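Student: I'd like to go through this model with you and test the labels one at a time. Could we start with the charged pairs?

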Amino acid sequence: MTNSSQAEHHAATAKIQARRSFSIVWIVPIVALVIGGWLAFKAISEKGPNITITFASAEGLEAGKTKIKFKDVEIGQVETIALSSDASHVLVSAKMIKGSEPYLTDQTKFWVVRPRINGGSVSGLSTMFSGAYIGIDGSKKGNPAFAFTGLETPPVVTVGQPGRHFILHADSLGSLDVGAPVYYRQIQVGQVVSYGFDQEGKAVDIKIFIEAPHHTRITESTRFWNASGFDVSLNAQGLKVDTQSMISIVSGGIAFDVPKEGPPGEEAKENATFFLYADRNATQEKKYSMRNYWMLLFDESVRGLSIGAPVELYGIKLGEVVDLSLEFDVDKKKFQVPVVIAVEPERVSAAKKEAALKMVESDPEAFMKVLVEQQGLRAQLQ
């Protein structure tokens with residue numbers, strides 16, 4: 001007993017430690033939390049902007065189905081379609097893909113792509129089976145925007161295409177429309193992109209796009225004319241009919257060339273401005289910088305005379321009529337017709353042309369005085 005008690009007295013005291021262990025049950029919620037966080041981060045990082053497009057009607061559009069495409073590549077989708085507060089148009093809300101923000105500016109254009117027949121071309125036939133979609137012409141120019149007004153007619157998209165744009169200044173649009181062809185020697189090399197009034201609102205500016213490499217043919221001396229319809233002329237050689245193509249007869253068209261007698265000039269730059277002539281014959285007329293105006297008084301009927309009528313000398317055109325009216329002379333107690341004409345002295349050649357032009361430029365009346373006083377020049381209706 002004594003040995004046993006002594007052994008117990010010298011024995012070490014046992015220490016009890018709790019065992020730490022990781023339960024496998026926690027693996028599932030931790031993995032789920034990681035996956036959920038990654039999906040949330042991916043959704044937020046890949047989320048694109050939301051935009052609103054206004055259209056006149058929602059024909060062919062479906063919420064959750066209609067796509068927004070650029071060059072047949074899907075870059076967005078329509079989410080909701082609703083009427084405006086006054087029911088005059090529809091509001092289309094769409095979600096765009098990430099990375100489209102730089103192309104969403106106040107100059108970006110949207111339109112609905114449907115089957116269309118325009119002149120001699122047919123577009124949007126694929127939508128007969130897949131349904132309509134919204135087309136976009138993105139532009140990095142302008143200020144960022146997320147609300148747009150959709151176009152009723154699709155524009156001509158030239159973004160990324162090699163070529164050059166030019167502006168044609170015309171008195172009226174005529175039969176031209178967006179997509180009308182532009183010809184060079186009866187070969188189509190471009191088309192009309194857009195049109196609108198000029199800054200003063202008195203004329204029309206037509207924007208065209210010439211495809212590469214044909215845009216290098218446009219120089220400072222190039223002249224454009226309206227090739228719509230066809231020109232008919234009858235002379236000693238017989239009847240002549242001139243047209244660019246059947247499409248230009250139906251939907252209009254533009255043609256251009258460089259006058260043979262003039263220098264080709266330097267290559268025209270982007271958005272260079274040209275004048276659009278009425279026809280090819282008008283492009284052959286020379287332009288003169290000097291014009292002198294005179295008033296002719298007639299005391300007889302001027303029936304048939306109109307503004308633009310030619311003023312001729314020996315059968316050669318010297319100018320044109322620019323204005324005419326009817327006045328009553330109180331002193332003579334009779335009517336008279338003042339006719340204002342514009343004479344272009346540069347049309348008259350002389351042995352010493354430079355000296356003659358200097359004389360006319362310094363004293364515009366000197367030229368006419370010589371013709372009237374010394375040569376007996378008189379105005380006569382023809």
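Tutor: Gladly. This is a predicted model, and a good place to begin is Asp257 and Arg185, whose side chains meet at 3.6 Å, N to O.

Student: Why is the contact between Asp257 and Arg185 called a salt bridge?

Tutor: The cut-off is 4 Å between a side-chain nitrogen of Lys or Arg and a carboxyl oxygen of Asp or Glu. The pair has 3.6 Å, N to O, so the name applies. Asp257 sits in strand β17 and Arg185 in the loop between β11 and β12, 72 residues apart.

Student: What makes Asp257 count as buried?

Tutor: Buried means under 20% relative accessible area. Asp257 has 13%, so it counts as buried.

Student: And is Arg185 buried or exposed?

Tutor: Exposed: the threshold is over 50%, and Arg185 has 58%.

Student: Which salt bridge does Asp257 form with Arg280?

Tutor: Their side chains meet at 4.0 Å, N to O. Here Asp257 in strand β17 is paired with Arg280 in helix α5 (residues 280-283), 23 residues apart.

Student: Why is Arg280 called partly exposed?

Tutor: Its relative accessible area is 34%. That value lies between the limits of 20% and 50%, so Arg280 is partly exposed.

Student: What do Arg185, Asp257 and Arg280 make up together?

Tutor: A network of salt bridges links them. In the whole structure, the search finds 7 salt bridges. One of them joins the side chains of Glu74 and Lys67 at 3.6 Å, N to O.

Key: Residues numbered from 1 in each chain as written. Predicted model: local features only at pLDDT ≥ 70, side-chain atom pairs only at ≥ 80, totals over all residues. Heavy atoms only, no water. Helix = DSSP H or I, 4+ residues; strand = E, 2+ residues; numbered from the N terminus. Buried < 20%, exposed > 50% of the residue type's maximum accessible area, 1.4 Å probe, protein only.
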